[in-house]
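Here are some exercises to work through with the structure open beside you. Try each task before you read its solution.

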Amino acid sequence: MSGPDSVTRPLVIAVVGSGPRGISVLERIAVRAAAEAAEAAEAAVPADPSGVAGGRYPRPVRVHLIDATEIGAGRVWRTDQDDWFTMNTVISQVTMYSGGPDGGPDRPGAGPSLGEWIAHRHETAGEPALGPDDYASRVRYGQYLTHVHRTIAEHLPAHVELLPVTGRVTALRTGPDDGYLLSLDSAPHLLEADRVVLATGHPFNAPDAFERTMLDFTGRNPGTHYLCGDSAADMALGEDTVPPGSAVGIKGLGLSFYDVMLSLTVGRGGTFRHEEGTGGGGLRYLPSGREPRIVAGSRSGLPIPARGRNQKRPDFSHRALFLTRDALLHARRARGGGGQLDFAEDVLPLLRREIDHVFYVTHVRNSSGREAADAFAEAHAELLRAGGDPGPLRASAGLGDVPPVDLDALARPFGDTRFASAEEFRERLLTVMDEDLAEAELGTLDGPLKSALDVLRDIRNVVRLAVDYGGLLPASHTGFFHGRFLPVNALLSAGPPMARVEQLRALVRQGIVEVAGPGTRFEADDEAGAFRVVSPQVTGSERYVRSLIDARIPTPDLLRDTSPLTRQLVDEGLVRPYVIEGPAGERHATGGLDVTMSPFHVVDRSGRIRPDLYALGIPTEHTRWFTQVGSSRPGVSTLFYQDADAIAVDALRPLGAGPGREAAPAFIPAQQSGSPAPTNRGTTVGARRGKAS
């Protein structure tokens, strides 16, 4: 779009999706544009409005912010959902501003964290107060997001125009002069843009084989219901689907399970009350009579454990001692060839050292004080680096009988144990939950176990260096990393607040929720006209239910995504799935959208980089890892912030100028499709393939 008026007409940017990722890009566009305006005002030379030939006056910028659900909050965080859906990060560790308050008005680059905003709303509007280590509801976070959006809109520099558009983008095609045309299902129906940012969030996937079987079963058996995985706020969990007093099955015991559980209890009018003498921490559920009987299960049979009571400052993060960038580079050089790693051999042992180190140092600090812990930490780290036996040192600190952290045992506490009855398993489950809550109460700094498991969260960025953009051998990526490590990691590092686990414990004690057991099977039984839920390890666990709910969030998969926009982009070849290639030519097609490294230009079916089309967040999962992060952290230059800023800088470059060079990665596999961006439009990824250093 570089016609004769290209030096005076606005640079047009379309941001598709206004959840946290879309808002983060908008916030950084506003900050960068304000900096341009300040530089122009200081120079006071209004020459060459294009900014291309040395002029200092910023050219006009127009931003279309597009969302099908709610501008400023998106679908998952929309502000009309029920308040029992909760975040799993404490409010002091959440911010959407790229800088903290500075005494001026809330605005791009200077605004409150979620915790500070909630405290201010309590003081000025009488809204409920929360402590810095409390958890907000999703609707509260949605309200904060809309506040951030509003302050961005109110403090844009004069040369930037923001146009919100409520509607669904159904197609995106190349337009005249290298721009894009966006089709929408509502007015204005067609938009032109020079640059487009795809921040579309969680997908709606076509049913997989299991889901098709369940849906076909409901088609043959009137009165049965099967709900595919989604945000619980968007599920049909009303009494028509799950009648009061009926039995309902829930597949999955992760974070979304708690949302479904609360929708079917508190959402039906029940309440929790602390009562002395009730056991289980004194929490009791008072039913309304409209609840169903819940039968839940998963592979592990373990509801996701609680996060530890937070004791960390917002800017605290564990500093890696063993799983470092240098250690990964050394492992890649040792691998030779393309330098791709085996996660089980090259990464996990280093990660285990990090976890065990924190675990034992915390034990020593608790028993002998900080000075002794510091001395122990130094000696312990040296031993681990040198490959020595830390046993004698641990024994000298009184920890000879304390075994290292066993991630697999924690994630699969029931192992292959067979239980003689559902009651026997129930008592064992409650014991495990009691033990976990006791560990969580010790905290994320004082509790040896929860502080060690928090390393899994703190060290994600280093794991990304190992995994992203084909950093692992294809078999290791699909078999060990996705098949074994990620389920364990998710179970042990992303838990709900302690209060949620306490509520589940009360419901299990009162018989309102029953966990079937490990290895739970969910089957369609035509003879019974119902779904069968059973654990093969628990005698007498078989239950029949007329409704079955999948409480797992869908995994991003470009080829299964049913959105009209994604289908059109895939069918017409404007995007493609990311493929990991191994040294022997083996290939693994991930479900992730193929993008370059920062600033995340889309790669099309022919391998060409689209320098004016960006994708960020969940659609790129598998190309990059753990993209579902929904905020930055106060006082920390997180990847969430860095990603948004990189796109903002590149999207604001003058028309006709090539994209900026991308940051050099720690690893560029020989077959990688995400190498640094080209300087010319239309460069193919094949021309950019690098070698590991």
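**Exercise 1. Unusual backbone spots**

Task: Start at Pro 188, and find which strands flank its loop.

Solution. Pro 188 sits in the loop that runs between strand E5 (180–184) and strand E6 (190–193). Keep in mind that this is a predicted model. Next, look at the bond leading into this proline: the peptide bond from Ala 187 to Pro 188 is cis, with omega near 10°. As background, most peptide bonds are trans, and most residues other than glycine have a negative phi.

Now move to the loop between strand E19 (587–593) and strand E20 (601–603), where Pro 599 is found. Ser 598 and Pro 599 are joined by a cis peptide bond, with omega about 15°. Phe 600 belongs to the loop between E19 and E20 as well. Its phi is positive, near 70°, although Phe 600 is a residue other than glycine.

Finally, visit Asp 178, in the loop between strand E4 (169–174) and E5. Asp 178 is not a glycine, yet its phi is positive at about 70°.

Are these two positive-phi residues buried, exposed or partly exposed? Phe 600 has a relative accessible area of 3%, so it is buried. Asp 178, at 46% relative accessibility, counts as partly exposed.

**Exercise 2. Check a helix and find its buried side**

Task: Compare the span of helix H4 (residues 209–220) with its expected span, then work out where its buried residues point.

Solution. First, the length. H4 has 12 residues, which at 1.5 Å a residue should span 16 Å. The C-alpha atoms at its ends are 17 Å apart, which agrees.

Second, the buried residues. These are Glu 211, Met 214, Phe 217 and Thr 218. They cover an arc of only 125° around the axis, so they lie on the same side of H4.

Third, the partners. The buried residues of H4 pack against strand E8 (225–227), strand E14 (521–525), strand E15 (530–534) and strand E17 (547–550).

Last, the N-terminal end. Asp 208 caps it, with a side-chain oxygen 3.2 Å from the backbone nitrogen of Phe 210.

**Exercise 3. A helix that is largely enclosed**

Task: Find how many residues of helix H16 are buried, and what they pack against.

Solution. H16 covers residues 498–509, which makes 12 residues. From first C-alpha to last it reaches 17 Å, close to the 16 Å expected.

Count the buried positions next: 9 of the 12 residues are buried, so H16 is largely enclosed by the rest of the structure. Charged side chains appear in the set too: among the buried residues are Arg 500 and Arg 505, along with Val 501, Leu 504 and Leu 507.

The buried residues of H16 pack against helix H5 (255–263), helix H11 (422–442), strand E10 (271–274), strand E11 (283–286) and strand E13 (513–515). After the helix comes Gly 511, whose phi is positive, near 80°.

**Exercise 4. Three buried residues**

Task: Place Arg 28, Val 15 and Val 248 in their elements and list what they touch.

Solution. Begin with Arg 28, in helix H1 (residues 20–43). Its relative accessibility is 8%, so it counts as buried. The Arg 28 side chain makes a polar contact of 2.7 Å with the side chain of Ser 98. Beyond its neighbours within four places in sequence, Arg 28 is in contact with Ser 98, Tyr 641, Ala 644, Asp 645 and Ala 648.

Val 15 lies in strand E1 (residues 11–16) and is buried at 0% relative accessibility. Its contacts outside the neighbouring four places include Gly 22, His 64 and Val 197.

Val 248 belongs to strand E9 (residues 247–251), and at 0% relative accessibility it also counts as buried. Outside its neighbours within four places, Val 248 is in contact with residues including Leu 264, Ile 294, Val 545 and Ile 549.

**Exercise 5. The largest cavity**

Task: Find how many cavities of 30 Å³ or more the structure holds, and which helix gives the largest share of the lining of the largest cavity.

Solution. A search of the whole structure finds 4 such cavities. The largest has a volume of about 90 Å³. Its lining includes Pro 305, Arg 307, Lys 450, Asp 454 and Ser 493. Helix H12 (448–453) and helix H15 (474–493) each supply at least two lining residues. The largest share, 3 residues, comes from H15.

Technical notes. Residues numbered from 1 in each chain as written. Heavy atoms only, no water. Helix = DSSP H or I, 4+ residues; strand = E, 2+ residues; numbered from the N terminus. Expected span 1.5 Å × (residues − 1). Buried < 20%, exposed > 50% of the residue type's maximum accessible area, 1.4 Å probe, protein only. Arc of directions from axis to C-beta. Contact = heavy atoms within 4.5 Å. Polar contact = N/O pair within 3.5 Å; in protein donor to acceptor, adjacent residues only side chain to side chain. 1 Å grid on protein atoms, 1.4 Å probe; cavity = no way out; pocket = protein on both sides within 12 Å on 5 of 7 lines; lining within 4 Å. Points joined across faces, edges and corners; volume = space filled by probe spheres on them.
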